[in-house]
Amino acid sequence: MGSNAYLCKDVASLTKAQRIIFPGVGAADSAMVSLKKTGLDKALMEAYRQGTPILGICLGMQISLSSSEEGATVTLNMIPGSVCRFSFNKPDLKIPHMGWNTLKVIKDHPILENTDGEYFYFVHSYYPRLDSNVHAYGQTTYETDFISALGQGNFFGTQFHPEKSAEAGLRLIGNFLSWDGKC
Amino acid sequence: MLSKRVIACLDVRDGHLAKSVKFVDTKNIGDPVEKAKEYYLGGLDELVFYDITASSERRGIMLEVVEAVADQVFIPLSVGGGIRSVADATDLRLAGAEKINVNSAAIRRPDLIDECAMSIGNQNVVLSMDVLKSAPSSSLPSGYEIVIDGGRTRTGKDALAWAHEGEKRGAGELVVNSIDADGTKAGYEIFLTSMISNSVRIPVIASGGAGTPEHLSEVFSEGRADAALVASMLHYGEYTISEIKSHLNANGHQVRV
(Lines give C-alpha, C1' and ligand atoms only; values in the text may rest on other atoms or scores of the structure.)
Protein backbone atom coordinates (compact mmCIF):
# COMPACT_ATOMS: atom_id res chain seq x y z
CA MET A 1 0.00 0.00 0.00
CA GLY A 2 2.97 2.28 -0.50
CA SER A 3 4.30 1.99 3.04
CA ASN A 4 7.07 -0.13 4.48
CA ALA A 5 5.85 -2.35 7.29
CA TYR A 6 8.01 -4.29 9.69
CA LEU A 7 7.31 -6.48 12.70
CA CYS A 8 8.30 -5.00 16.10
CA LYS A 9 9.65 -7.48 18.60
CA ASP A 10 11.60 -5.11 20.84
CA VAL A 11 11.56 -1.58 22.21
CA ALA A 12 14.24 -0.30 19.82
CA SER A 13 12.29 -1.21 16.69
CA LEU A 14 9.04 0.20 18.10
CA THR A 15 10.66 3.52 18.98
CA LYS A 16 11.73 3.99 15.33
CA ALA A 17 8.20 3.52 13.96
CA GLN A 18 6.42 6.50 12.39
CA ARG A 19 3.08 4.74 12.77
CA ILE A 20 2.11 1.73 14.81
CA ILE A 21 -0.46 -0.94 14.06
CA PHE A 22 -1.19 -2.79 17.27
CA PRO A 23 -3.05 -5.98 16.42
CA GLY A 24 -4.01 -8.63 18.90
CA VAL A 25 -5.43 -12.05 19.19
CA GLY A 26 -6.15 -14.24 22.18
CA ALA A 27 -6.65 -13.22 25.79
CA ALA A 28 -5.95 -9.84 27.43
CA ASP A 29 -4.02 -11.44 30.28
CA SER A 30 -1.42 -13.25 28.23
CA ALA A 31 -1.10 -10.28 25.84
CA MET A 32 -0.26 -7.89 28.68
CA VAL A 33 2.16 -10.38 30.22
CA SER A 34 4.15 -10.63 26.99
CA LEU A 35 4.04 -6.86 26.39
CA LYS A 36 5.43 -6.31 29.90
CA LYS A 37 8.09 -8.96 29.50
CA THR A 38 9.48 -7.25 26.41
CA GLY A 39 8.97 -3.72 27.73
CA LEU A 40 6.74 -2.99 24.72
CA ASP A 41 3.94 -1.78 27.02
CA LYS A 42 6.02 1.20 28.16
CA ALA A 43 7.38 1.83 24.67
CA LEU A 44 3.84 1.87 23.29
CA MET A 45 2.69 4.34 25.96
CA GLU A 46 5.72 6.51 25.22
CA ALA A 47 4.88 6.49 21.49
CA TYR A 48 1.30 7.41 22.41
CA ARG A 49 2.53 10.36 24.48
CA GLN A 50 4.81 11.46 21.63
CA GLY A 51 1.84 11.63 19.26
CA THR A 52 2.71 8.67 17.00
CA PRO A 53 -0.46 7.56 15.19
CA ILE A 54 -1.51 4.16 16.57
CA LEU A 55 -4.17 1.81 15.21
CA GLY A 56 -5.30 -0.85 17.68
CA ILE A 57 -7.12 -3.84 16.22
CA CYS A 58 -9.39 -6.17 18.20
CA LEU A 59 -7.45 -7.12 21.34
CA GLY A 60 -4.98 -4.32 20.56
CA MET A 61 -7.92 -1.92 20.87
CA GLN A 62 -9.36 -3.67 23.93
CA ILE A 63 -6.22 -3.47 26.04
CA SER A 64 -6.00 0.27 25.40
CA LEU A 65 -9.02 0.67 27.67
CA SER A 66 -8.74 1.23 31.41
CA SER A 67 -9.92 -2.19 32.53
CA SER A 68 -10.92 -5.63 31.32
CA GLU A 69 -13.48 -8.06 32.65
CA GLU A 70 -11.46 -10.77 30.95
CA GLY A 71 -8.93 -11.61 33.68
CA ALA A 72 -7.73 -9.04 36.16
CA THR A 73 -4.78 -7.75 34.18
CA VAL A 74 -3.78 -4.11 34.25
CA THR A 75 -4.38 -2.68 30.78
CA LEU A 76 -2.73 0.25 28.99
CA ASN A 77 -5.36 2.73 30.15
CA MET A 78 -5.37 5.19 27.25
CA ILE A 79 -9.17 5.47 27.12
CA PRO A 80 -11.60 5.23 30.05
CA GLY A 81 -13.75 2.17 29.56
CA SER A 82 -13.89 -1.55 30.07
CA VAL A 83 -14.30 -4.77 28.13
CA CYS A 84 -17.32 -7.03 28.72
CA ARG A 85 -18.29 -10.44 27.49
CA PHE A 86 -21.32 -10.92 25.26
CA SER A 87 -24.02 -12.56 27.29
CA PHE A 88 -27.36 -13.42 25.72
CA ASN A 89 -30.40 -15.25 26.96
CA LYS A 90 -31.14 -16.45 23.46
CA PRO A 91 -29.42 -19.79 22.91
CA ASP A 92 -29.40 -19.36 19.14
CA LEU A 93 -27.12 -16.33 19.29
CA LYS A 94 -23.65 -17.62 18.70
CA ILE A 95 -20.57 -16.51 20.62
CA PRO A 96 -18.05 -15.48 19.35
CA HIS A 97 -19.68 -12.84 17.20
CA MET A 98 -18.01 -14.09 14.03
CA GLY A 99 -18.38 -12.87 10.48
CA TRP A 100 -19.22 -9.78 8.46
CA ASN A 101 -21.24 -7.02 10.08
CA THR A 102 -21.85 -3.36 9.28
CA LEU A 103 -20.20 -0.28 10.73
CA LYS A 104 -22.30 2.76 11.46
CA VAL A 105 -20.18 5.89 11.73
CA ILE A 106 -21.58 7.93 14.63
CA LYS A 107 -18.92 10.64 14.59
CA ASP A 108 -16.60 11.64 11.75
CA HIS A 109 -12.95 10.70 11.99
CA PRO A 110 -10.26 10.80 9.25
CA ILE A 111 -9.73 7.04 9.67
CA LEU A 112 -13.41 6.29 9.05
CA GLU A 113 -13.70 8.33 5.88
CA ASN A 114 -15.82 6.46 3.29
CA THR A 115 -16.56 3.53 5.57
CA ASP A 116 -20.08 4.30 6.82
CA GLY A 117 -22.40 1.35 6.23
CA GLU A 118 -19.62 -0.94 5.01
CA TYR A 119 -19.23 -4.55 6.08
CA PHE A 120 -16.21 -5.46 8.22
CA TYR A 121 -15.01 -8.80 9.53
CA PHE A 122 -15.49 -9.41 13.25
CA VAL A 123 -14.43 -12.22 15.53
CA HIS A 124 -14.72 -11.60 19.26
CA SER A 125 -16.49 -12.64 22.44
CA TYR A 126 -15.73 -9.41 24.33
CA TYR A 127 -16.70 -5.87 23.36
CA PRO A 128 -15.69 -2.41 24.59
CA ARG A 129 -17.87 -0.33 26.89
CA LEU A 130 -16.76 3.30 27.11
CA ASP A 131 -17.17 5.55 30.14
CA SER A 132 -17.84 8.50 27.83
CA ASN A 133 -19.37 8.79 24.36
CA VAL A 134 -16.69 11.36 23.52
CA HIS A 135 -14.43 8.50 22.42
CA ALA A 136 -17.06 6.64 20.36
CA TYR A 137 -16.82 6.86 16.55
CA GLY A 138 -18.43 3.72 15.16
CA GLN A 139 -21.17 1.36 16.20
CA THR A 140 -22.23 -2.17 15.26
CA THR A 141 -25.24 -4.26 16.21
CA TYR A 142 -25.14 -7.85 17.35
CA GLU A 143 -28.34 -8.29 19.32
CA THR A 144 -27.16 -5.23 21.22
CA ASP A 145 -25.49 -2.03 19.93
CA PHE A 146 -21.82 -1.83 20.82
CA ILE A 147 -18.96 0.56 20.05
CA SER A 148 -16.87 -0.98 17.27
CA ALA A 149 -14.57 2.00 16.55
CA LEU A 150 -13.15 4.36 19.14
CA GLY A 151 -10.39 6.90 19.51
CA GLN A 152 -8.58 9.36 21.68
CA GLY A 153 -5.99 11.78 20.29
CA ASN A 154 -3.47 9.86 18.18
CA PHE A 155 -4.88 6.46 19.15
CA PHE A 156 -7.66 4.82 17.14
CA GLY A 157 -9.06 1.36 17.73
CA THR A 158 -11.40 -1.02 15.92
CA GLN A 159 -13.12 -4.13 17.21
CA PHE A 160 -13.24 -5.50 13.66
CA HIS A 161 -10.29 -6.62 11.55
CA PRO A 162 -9.66 -4.16 8.70
CA GLU A 163 -6.83 -6.42 7.47
CA LYS A 164 -9.42 -9.15 6.77
CA SER A 165 -12.21 -6.86 5.56
CA ALA A 166 -11.65 -6.75 1.81
CA GLU A 167 -11.77 -3.37 0.02
CA ALA A 168 -13.44 -1.50 2.90
CA GLY A 169 -10.72 -2.69 5.26
CA LEU A 170 -7.95 -1.66 2.88
CA ARG A 171 -9.57 1.77 2.57
CA LEU A 172 -9.54 2.16 6.36
CA ILE A 173 -5.88 1.11 6.55
CA GLY A 174 -5.13 3.59 3.75
CA ASN A 175 -6.88 6.31 5.78
CA PHE A 176 -4.70 5.41 8.76
CA LEU A 177 -1.52 5.56 6.67
CA SER A 178 -2.28 9.13 5.64
CA TRP A 179 -3.56 10.25 9.06
CA ASP A 180 -1.48 12.83 10.94
CA GLY A 181 -2.69 11.64 14.35
CA LYS A 182 -5.04 14.58 14.83
CA CYS A 183 -8.82 14.60 14.81
CA MET B 1 -26.76 -7.21 11.59
CA LEU B 2 -24.41 -10.14 11.25
CA SER B 3 -24.52 -11.57 7.74
CA LYS B 4 -24.52 -15.20 6.65
CA ARG B 5 -21.15 -16.21 5.25
CA VAL B 6 -20.51 -17.86 1.90
CA ILE B 7 -17.25 -19.77 2.14
CA ALA B 8 -15.48 -21.43 -0.75
CA CYS B 9 -13.63 -24.62 -0.09
CA LEU B 10 -10.60 -25.42 -2.19
CA ASP B 11 -9.02 -28.86 -1.97
CA VAL B 12 -5.31 -28.58 -2.68
CA ARG B 13 -3.07 -31.49 -3.57
CA ASP B 14 0.64 -30.97 -4.17
CA GLY B 15 -0.04 -27.25 -4.63
CA HIS B 16 -2.82 -27.74 -7.21
CA LEU B 17 -6.54 -27.31 -6.91
CA ALA B 18 -8.64 -30.48 -6.79
CA LYS B 19 -12.31 -31.17 -6.27
CA SER B 20 -13.20 -34.49 -4.76
CA VAL B 21 -16.49 -36.21 -5.31
CA LYS B 22 -17.31 -38.45 -2.35
CA PHE B 23 -13.63 -38.11 -1.53
CA VAL B 24 -12.43 -40.33 -4.38
CA ASP B 25 -11.46 -39.63 -7.98
CA THR B 26 -10.01 -36.18 -7.39
CA LYS B 27 -9.73 -34.06 -10.50
CA ASN B 28 -7.12 -31.38 -10.92
CA ILE B 29 -8.93 -28.16 -11.80
CA GLY B 30 -6.51 -25.27 -11.51
CA ASP B 31 -4.18 -22.97 -9.64
CA PRO B 32 -5.36 -22.29 -6.04
CA VAL B 33 -3.84 -18.79 -5.86
CA GLU B 34 -5.56 -17.59 -9.05
CA LYS B 35 -8.86 -19.14 -7.98
CA ALA B 36 -8.63 -17.58 -4.51
CA LYS B 37 -8.02 -14.14 -6.01
CA GLU B 38 -10.89 -14.54 -8.46
CA TYR B 39 -13.30 -15.44 -5.63
CA TYR B 40 -12.02 -12.65 -3.39
CA LEU B 41 -12.65 -10.08 -6.11
CA GLY B 42 -16.02 -11.71 -6.76
CA GLY B 43 -17.19 -11.00 -3.20
CA LEU B 44 -16.46 -14.23 -1.34
CA ASP B 45 -16.62 -13.94 2.48
CA GLU B 46 -14.05 -16.51 3.50
CA LEU B 47 -11.77 -19.17 2.05
CA VAL B 48 -10.93 -22.64 3.26
CA PHE B 49 -8.03 -24.68 1.93
CA TYR B 50 -7.94 -28.38 2.63
CA ASP B 51 -4.53 -29.83 2.02
CA ILE B 52 -5.08 -33.33 0.67
CA THR B 53 -1.44 -33.84 -0.21
CA ALA B 54 -0.66 -37.45 0.53
CA SER B 55 3.06 -37.35 1.29
CA SER B 56 4.26 -35.41 4.30
CA GLU B 57 7.50 -34.30 2.59
CA ARG B 58 5.47 -32.24 0.13
CA ARG B 59 3.52 -30.41 2.83
CA GLY B 60 5.82 -27.38 2.63
CA ILE B 61 4.15 -26.59 -0.70
CA MET B 62 0.95 -25.74 1.19
CA LEU B 63 2.74 -23.07 3.23
CA GLU B 64 3.87 -21.44 -0.01
CA VAL B 65 0.31 -21.50 -1.35
CA VAL B 66 -1.00 -19.92 1.88
CA GLU B 67 1.68 -17.21 1.78
CA ALA B 68 0.91 -16.35 -1.84
CA VAL B 69 -2.82 -16.20 -1.15
CA ALA B 70 -2.52 -14.15 2.06
CA ASP B 71 -0.46 -11.63 0.09
CA GLN B 72 -3.31 -10.85 -2.28
CA VAL B 73 -6.54 -11.90 -0.61
CA PHE B 74 -7.88 -9.82 2.28
CA ILE B 75 -10.61 -12.00 3.73
CA PRO B 76 -10.29 -14.67 6.44
CA LEU B 77 -8.32 -17.65 5.31
CA SER B 78 -8.70 -21.03 6.95
CA VAL B 79 -6.48 -24.06 6.37
CA GLY B 80 -6.97 -27.72 7.22
CA GLY B 81 -5.54 -31.10 6.42
CA GLY B 82 -2.68 -32.82 8.18
CA ILE B 83 -2.50 -30.51 11.21
CA ARG B 84 -1.26 -32.69 14.07
CA SER B 85 0.42 -30.27 16.46
CA VAL B 86 0.54 -26.69 17.69
CA ALA B 87 3.72 -26.35 15.63
CA ASP B 88 1.82 -27.25 12.42
CA ALA B 89 -0.88 -24.73 13.35
CA THR B 90 1.67 -22.02 14.13
CA ASP B 91 3.48 -22.54 10.80
CA LEU B 92 0.21 -21.98 8.95
CA ARG B 93 -0.68 -18.94 11.06
CA LEU B 94 2.71 -17.39 10.33
CA ALA B 95 2.23 -18.08 6.63
CA GLY B 96 -0.94 -15.99 6.81
CA ALA B 97 -3.82 -18.32 7.70
CA GLU B 98 -6.39 -16.80 10.04
CA LYS B 99 -7.87 -20.09 11.21
CA ILE B 100 -6.73 -23.66 11.30
CA ASN B 101 -9.02 -26.67 10.85
CA VAL B 102 -8.41 -29.89 12.73
CA ASN B 103 -10.14 -33.13 11.83
CA SER B 104 -8.73 -36.68 11.94
CA ALA B 105 -5.83 -35.80 14.23
CA ALA B 106 -8.26 -34.34 16.80
CA ILE B 107 -10.20 -37.62 16.86
CA ARG B 108 -7.01 -39.56 17.45
CA ARG B 109 -5.78 -37.10 20.09
CA PRO B 110 -8.56 -34.74 21.28
CA ASP B 111 -6.13 -32.70 23.41
CA LEU B 112 -4.95 -31.22 20.11
CA ILE B 113 -8.05 -28.99 20.19
CA ASP B 114 -7.27 -27.69 23.71
CA GLU B 115 -3.61 -27.14 22.86
CA CYS B 116 -4.36 -25.20 19.67
CA ALA B 117 -7.09 -23.13 21.38
CA MET B 118 -4.67 -22.23 24.18
CA SER B 119 -1.90 -21.25 21.83
CA ILE B 120 -3.64 -19.47 18.94
CA GLY B 121 -6.99 -18.57 20.53
CA ASN B 122 -10.34 -20.41 20.47
CA GLN B 123 -11.73 -18.25 17.68
CA ASN B 124 -9.00 -19.43 15.32
CA VAL B 125 -9.53 -23.12 15.88
CA VAL B 126 -12.11 -24.79 13.66
CA LEU B 127 -13.16 -28.35 14.36
CA SER B 128 -13.99 -29.98 11.08
CA MET B 129 -16.05 -33.16 11.26
CA ASP B 130 -16.85 -35.64 8.52
CA VAL B 131 -20.17 -37.25 9.29
CA LEU B 132 -21.83 -40.39 7.97
CA LYS B 133 -25.47 -41.30 8.53
CA SER B 134 -25.98 -44.57 10.36
CA ALA B 135 -28.68 -46.42 12.26
CA PRO B 136 -29.25 -44.88 15.72
CA SER B 137 -27.91 -47.14 18.44
CA SER B 138 -26.86 -46.88 22.08
CA SER B 139 -23.34 -45.88 21.03
CA LEU B 140 -24.57 -43.60 18.21
CA PRO B 141 -27.70 -42.00 19.71
CA SER B 142 -27.82 -39.19 17.15
CA GLY B 143 -27.73 -41.63 14.25
CA TYR B 144 -24.65 -39.92 12.82
CA GLU B 145 -21.12 -41.23 13.05
CA ILE B 146 -17.78 -39.44 12.74
CA VAL B 147 -15.51 -40.80 10.02
CA ILE B 148 -11.89 -39.82 9.43
CA ASP B 149 -9.07 -40.11 6.90
CA GLY B 150 -11.17 -38.49 4.20
CA GLY B 151 -14.16 -40.70 4.95
CA ARG B 152 -12.34 -44.03 4.84
CA THR B 153 -12.24 -44.88 8.56
CA ARG B 154 -15.27 -45.19 10.84
CA THR B 155 -14.64 -44.13 14.43
CA GLY B 156 -17.71 -45.31 16.33
CA LYS B 157 -17.98 -41.75 17.72
CA ASP B 158 -21.36 -40.07 17.83
CA ALA B 159 -21.38 -36.82 15.82
CA LEU B 160 -23.47 -34.80 18.27
CA ALA B 161 -21.39 -35.93 21.25
CA TRP B 162 -18.21 -35.05 19.37
CA ALA B 163 -19.57 -31.58 18.51
CA HIS B 164 -20.21 -30.95 22.21
CA GLU B 165 -16.81 -32.24 23.19
CA GLY B 166 -15.12 -30.07 20.57
CA GLU B 167 -16.92 -26.98 21.82
CA LYS B 168 -15.97 -27.77 25.42
CA ARG B 169 -12.35 -28.30 24.49
CA GLY B 170 -12.15 -24.86 22.92
CA ALA B 171 -13.07 -25.03 19.23
CA GLY B 172 -14.33 -21.64 18.08
CA GLU B 173 -16.34 -22.97 15.18
CA LEU B 174 -17.53 -26.26 13.68
CA VAL B 175 -17.56 -27.46 10.10
CA VAL B 176 -20.22 -30.13 9.73
CA ASN B 177 -19.46 -32.03 6.56
CA SER B 178 -21.90 -34.67 5.40
CA ILE B 179 -20.11 -37.48 3.58
CA ASP B 180 -23.47 -38.70 2.29
CA ALA B 181 -24.20 -35.34 0.65
CA ASP B 182 -20.64 -34.48 -0.43
CA GLY B 183 -20.31 -34.15 -4.18
CA THR B 184 -23.97 -34.99 -4.87
CA LYS B 185 -25.06 -31.36 -5.51
CA ALA B 186 -28.45 -32.43 -4.12
CA GLY B 187 -28.39 -30.07 -1.14
CA TYR B 188 -26.91 -29.95 2.35
CA GLU B 189 -27.87 -32.46 5.05
CA ILE B 190 -30.39 -30.14 6.69
CA PHE B 191 -31.36 -32.36 9.62
CA LEU B 192 -27.76 -33.00 10.65
CA THR B 193 -26.82 -29.32 10.36
CA SER B 194 -29.75 -28.04 12.42
CA MET B 195 -29.33 -30.75 15.04
CA ILE B 196 -25.75 -29.68 15.67
CA SER B 197 -26.25 -25.94 15.26
CA ASN B 198 -29.14 -25.93 17.73
CA SER B 199 -27.14 -27.69 20.39
CA VAL B 200 -23.87 -25.68 20.41
CA ARG B 201 -23.23 -21.99 21.08
CA ILE B 202 -20.39 -21.64 18.55
CA PRO B 203 -20.93 -20.92 14.83
CA VAL B 204 -21.63 -23.86 12.54
CA ILE B 205 -20.51 -24.06 8.91
CA ALA B 206 -22.57 -26.42 6.76
CA SER B 207 -20.63 -28.48 4.24
CA GLY B 208 -21.29 -31.05 1.56
CA GLY B 209 -23.96 -31.15 -1.12
CA ALA B 210 -24.29 -27.56 -2.36
CA GLY B 211 -25.46 -27.46 -5.97
CA THR B 212 -27.69 -24.39 -6.25
CA PRO B 213 -28.22 -21.08 -4.39
CA GLU B 214 -31.50 -22.53 -3.04
CA HIS B 215 -29.49 -25.09 -1.13
CA LEU B 216 -27.68 -22.32 0.75
CA SER B 217 -30.92 -20.52 1.47
CA GLU B 218 -32.35 -23.75 2.85
CA VAL B 219 -29.38 -24.54 5.10
CA PHE B 220 -29.42 -21.00 6.53
CA SER B 221 -33.11 -21.04 7.40
CA GLU B 222 -34.01 -24.67 8.11
CA GLY B 223 -30.47 -25.89 8.80
CA ARG B 224 -29.72 -23.01 11.23
CA ALA B 225 -26.21 -22.73 9.74
CA ASP B 226 -24.14 -19.59 10.30
CA ALA B 227 -22.10 -20.13 7.16
CA ALA B 228 -22.13 -22.44 4.16
CA LEU B 229 -19.29 -24.05 2.26
CA VAL B 230 -19.49 -24.23 -1.50
CA ALA B 231 -17.13 -25.95 -3.90
CA SER B 232 -17.98 -27.42 -7.31
CA MET B 233 -20.90 -25.07 -8.06
CA LEU B 234 -18.32 -22.26 -8.00
CA HIS B 235 -15.26 -24.12 -9.27
CA TYR B 236 -16.99 -25.25 -12.44
CA GLY B 237 -18.46 -21.81 -13.06
CA GLU B 238 -22.07 -22.92 -12.66
CA TYR B 239 -22.82 -19.95 -10.42
CA THR B 240 -20.98 -16.79 -9.44
CA ILE B 241 -20.71 -15.56 -5.86
CA SER B 242 -22.88 -12.57 -6.68
CA GLU B 243 -25.59 -14.83 -8.16
CA ILE B 244 -25.57 -16.87 -4.96
CA LYS B 245 -25.69 -13.75 -2.80
CA SER B 246 -28.48 -12.06 -4.78
CA HIS B 247 -30.55 -15.19 -4.35
CA LEU B 248 -29.89 -15.22 -0.60
CA ASN B 249 -30.65 -11.53 -0.34
CA ALA B 250 -33.93 -11.96 -2.22
CA ASN B 251 -34.86 -14.72 0.20
CA GLY B 252 -34.40 -12.55 3.28
CA HIS B 253 -30.89 -13.57 4.29
CA GLN B 254 -28.48 -10.85 5.30
CA VAL B 255 -25.35 -11.11 3.14
CA ARG B 256 -22.37 -8.88 2.46
CA VAL B 257 -22.70 -7.30 -0.97
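Strands here are DSSP runs of at least two residues, numbered from the N terminus. With that settled, welcome to these exercises on a predicted model.

**Exercise 1. Find the loop that holds A:Asn114, and say what stands out about its backbone.**

Step 1: Look between strand 6 and strand 7 (119-124) of chain A, since the loop there contains A:Asn114.
Step 2: Check the backbone angle. A:Asn114 is not a glycine, yet its phi is positive, at about 60°.

**Exercise 2. Which peptide bond leading into A:Pro96 is cis, and where does this proline lie?**

Step 1: Follow the chain from A:Ile95 to A:Pro96; the peptide bond between these two is cis, and omega is near 5°.
Step 2: Place the proline. A:Pro96 belongs to the loop that links strand 4 (79-85) with strand 5 (97-102) of chain A.

**Exercise 3. Work out the strand order of the open sheet in chain A, and name its edges.**

Step 1: Trace the 6 strands across the sheet of chain A; their order is 1-2-11-10-9-6, with mixed pairing.
Step 2: Recall what holds such an arrangement together: backbone hydrogen bonds pair the strands of a sheet, in parallel or antiparallel fashion.
Step 3: Look for strands that pair on one side only. In chain A these are strand 1 (20-22) and strand 6 (104-105), the edge strands.
Step 4: Zoom in on one pair. Strand 10 (residues 144-152) and strand 11 (residues 155-158) of chain A run antiparallel and are joined by 4 bridges.
Step 5: Pick out a facing pair: A:Thr158 in strand 11 of chain A has A:Ala149 opposite.

**Exercise 4. Compare the dimensions of each chain with those of a compact globule.**

Step 1: Start with the make-up of chain A, which has 5 helices and 11 strands.
Step 2: Take its box along the principal axes: the C-alpha atoms of chain A fill roughly 50 × 35 × 25 Å.
Step 3: Apply the globule rule. A compact globule of 183 residues would have a radius of gyration near 16 Å, and chain A agrees because its value is 16 Å.
Step 4: Turn to chain B, with 10 helices and 12 strands, whose C-alpha atoms fill a box of roughly 50 × 45 × 40 Å along the principal axes.
Step 5: For 257 residues the rule gives a radius of gyration near 18 Å; chain B has 17 Å, which agrees.

**Exercise 5. How do helix 3 and helix 5 of chain B cross?**

Step 1: Get the geometry. The axes of helix 3 (residues 86-95) and helix 5 (residues 111-120) of chain B come within 9 Å and cross at roughly 40°.
Step 2: Classify the angle. Helix 3 of chain B is therefore oblique to helix 5 of chain B.
Step 3: Add the hand, which is right-handed for this crossing.
Step 4: List the contact. Helix 3 of chain B contributes B:Val86, B:Ala89 and B:Arg93, while helix 5 of chain B brings B:Glu115, B:Cys116, B:Ser119 and B:Ile120.
Step 5: Sort these residues by class: 4 nonpolar, 1 polar and 2 charged.

**Exercise 6. Repeat the analysis for helix 8 and helix 10 of chain B.**

Step 1: The axes of helix 8 (residues 213-221) and helix 10 (residues 241-250) of chain B are 9 Å apart, and the packing angle is about 45°.
Step 2: The two helices of chain B are therefore oblique to each other, and helix 8 passes helix 10 in a right-handed crossing.
Step 3: From helix 8 of chain B come B:Pro213, B:Leu216 and B:Ser217, meeting B:Glu243, B:Ile244, B:His247 and B:Leu248 of helix 10.
Step 4: This contact has 4 nonpolar, 2 polar and 1 charged residues.

**Exercise 7. How many residues of chain B are in contact with chain A, and of which classes?**

Step 1: Count both sides: 20 residues of chain B contact 21 residues of chain A.
Step 2: Classify the chain B side, which divides into 8 nonpolar, 5 polar and 7 charged residues.

Terms used: Residues are numbered from 1 along each chain as its sequence is written. Chains are lettered from A and ligands numbered from 1 in the order in which they are written. This is a predicted model: local features need pLDDT of at least 70, side-chain atom pairs count only at pLDDT 80 or more; totals for chains, interfaces and linings use all residues. Axes are lines fitted to C-alpha atoms, for helices over the stretch in contact, and angles run from 0 to 180 degrees between N-to-C directions. Angles under 35 degrees count as roughly parallel, over 145 as roughly antiparallel, 65 to 115 as roughly perpendicular and the rest as oblique. A crossing is left-handed if the near helix is turned anticlockwise from the far one by less than a right angle, and right-handed if clockwise. Two residues are in contact if their C-beta atoms, placed from the backbone, lie within 7 Å. Ala, Val, Leu, Ile, Met, Phe, Trp, Tyr, Cys and Pro count as nonpolar, Asp, Glu, Lys and Arg as charged, and the others, Gly among them, as polar. Two strands pair if DSSP finds at least two bridges between them. The radius of gyration is taken over C-alpha atoms; the globule rule is 2.2 Å times the number of residues to the power 0.38.
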